[in-house]
Amino acid sequence: MKISSLILKLFGWSVTCSVPDYPKCIICVAPHTSNWDFILGKLAYASLGRKAGFLMKDTWFFWPMGVFFRSIGGIPVPRKKKSSKSLTEIIIDKFNKSQKLTLAITPEGTRSRTTSWHTGFLHIAIQANVPIVLGAIDFKSKQILLQKTFSPSGNIEQDLLLVKNFYKPFKGKYPDKFTTE
């Protein structure tokens, strides 16, 4: 915890968190324009004395990186469907079988500019009955913010619009790679 805080402070970053340490939740993280987002997010959450798992494309889970990523909470996202269950169904099952589970998800699903945000995090939250913490990594102000809990209504289109609107003021490391349109 102290080392994470020290590293962030050395590089000029601050962390502001006003949401509870929920036993189960999804942390929706945006903007996601750089691999630095992962490092900053892990450091920020650790600086709070909390642990969160994360989704990452399966191609990162090669030896020995796969062992490392799994040990810090990584869940590989298959690039090609290999299971009869969708990733969303698998994650819902994980939440339903766990007493404690926090999972960071980047709804953009890529570091490239995209207008097509994934909605799986909303479906998971609804079906597993877990809150969504909106987490922002703002490179412009060098702040990592966890200040809002979002409870989806079930209207996926409307919920996604509300989430995107929340992220409009924030700037990624590469601002041209982020859009809420």
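This section describes the helix packing and selected backbone features of the structure. The model is a predicted one.

Helix 6 comprises 12 residues, from 156 to 167. At 1.5 Å a residue, a helix of this length should span 16 Å, and the C-alpha atoms at its ends lie 17 Å apart, which agrees with the expectation. The buried residues of helix 6 are Ile156, Asp159, Leu160, Val163, Lys164 and Tyr167. Viewed down the helix axis, these buried residues fall within an arc of 135°, so they line one face of helix 6. An α-helix has 3.6 residues a turn, so residues three or four places apart point the same way. The buried residues of helix 6 pack against four elements of the fold, namely strand 2 (24-30), helix 5 (120-128), strand 6 (132-138) and strand 7 (143-150).

The packing of helix 6 on helix 5 was examined further. The axes of these two helices come within 10 Å and cross at roughly 115°. That angle makes helix 5 roughly perpendicular to helix 6. The crossing of helix 5 and helix 6 is right-handed. On the side of helix 5, the contact involves Phe121, Leu122, His123 and Ile126, which meet Ile156, Asp159, Leu160 and Val163 of helix 6. Ile156, Asp159, Leu160 and Val163 also belong to the buried set of helix 6.

Helix 4, which runs from residue 87 to residue 97, has Ile91, Ile92 and Phe95 as its buried residues. Around the helix axis they cover an arc of only 105°, which puts them on the same side of helix 4. The elements that cover these buried residues include strand 2, strand 3 (53-57), strand 4 (74-77), strand 5 (101-105) and helix 5.

Helix 5 is thus a packing partner of helix 4 as well as of helix 6. The axes of helix 4 and helix 5 come within 9 Å and cross at roughly 35°, and helix 4 passes helix 5 in a right-handed crossing. Thr88, Ile91, Ile92, Phe95 and Asn96 of helix 4 meet Gly120, His123, Ile124, Gln127 and Ala128 of helix 5. His123 therefore appears in the contact of helix 5 with helix 4 and in that with helix 6.

Ala128 lies in helix 5 and is buried, with a relative accessible area of 10%. Neighbours within four places in sequence aside, Ala128 is in contact with Ile92, Phe95 and Asn96, residues that take part in the contact of helix 4 with helix 5. Ala128 and Lys24 are separated by 104 residues in sequence, yet their C-alpha atoms are 9.4 Å apart in space.

A further helix pair is formed by helix 1 (residues 2-10) and helix 2 (residues 36-47), which pack at an angle of about 130° with their axes 7 Å apart. Helix 1 and helix 2 are therefore oblique to each other. The contact is made by Ser4, Ser5, Ile7 and Leu8 of helix 1 together with Leu40, Leu43, Ala44, Ala46 and Ser47 of helix 2. Helix 1 passes helix 2 in a left-handed crossing.

Several loop residues show notable backbone geometry. The peptide bond from Ala30 to Pro31 is cis, with omega near -10°, and Pro31 lies in the loop between strand 2 and helix 2. A cis peptide bond also joins Trp63 and Pro64, with omega about -5°; Pro64 is located in the loop between strand 3 and helix 3 (65-71).

Positive phi values occur at Asn129 and at Lys142. Asn129 has a phi of about 55° although it is not a glycine. Asn129 is found in the loop between helix 5 and strand 6, and at 69% relative accessibility it counts as exposed. For Lys142, likewise a residue other than glycine, phi is near 55°. Lys142 is placed in the loop between strand 6 and strand 7 and is partly exposed, with a relative accessible area of 34%.

Ser84 lies in the loop between strand 4 and helix 4. With a relative accessibility of 74%, Ser84 counts as exposed. Ser84 and Pro23 are 61 residues apart in sequence, and the distance between their C-alpha atoms is 29 Å.

Methods. Residues are numbered from 1 along each chain as its sequence is written. This is a predicted model: local features need pLDDT of at least 70, side-chain atom pairs count only at pLDDT 80 or more; totals for chains, interfaces and linings use all residues. Side-chain values use heavy atoms; hydrogens and water are left out. The expected span of a helix is 1.5 Å times one less than its number of residues. Buried means under 20% relative accessible area, exposed over 50%, partly exposed in between (1.4 Å probe, protein chains only). The arc is that of the directions from the helix axis to the C-beta atoms. Contact means heavy atoms within 4.5 Å. Axes are lines fitted to C-alpha atoms, for helices over the stretch in contact, and angles run from 0 to 180 degrees between N-to-C directions. Angles under 35 degrees count as roughly parallel, over 145 as roughly antiparallel, 65 to 115 as roughly perpendicular and the rest as oblique. A crossing is left-handed if the near helix is turned anticlockwise from the far one by less than a right angle, and right-handed if clockwise.
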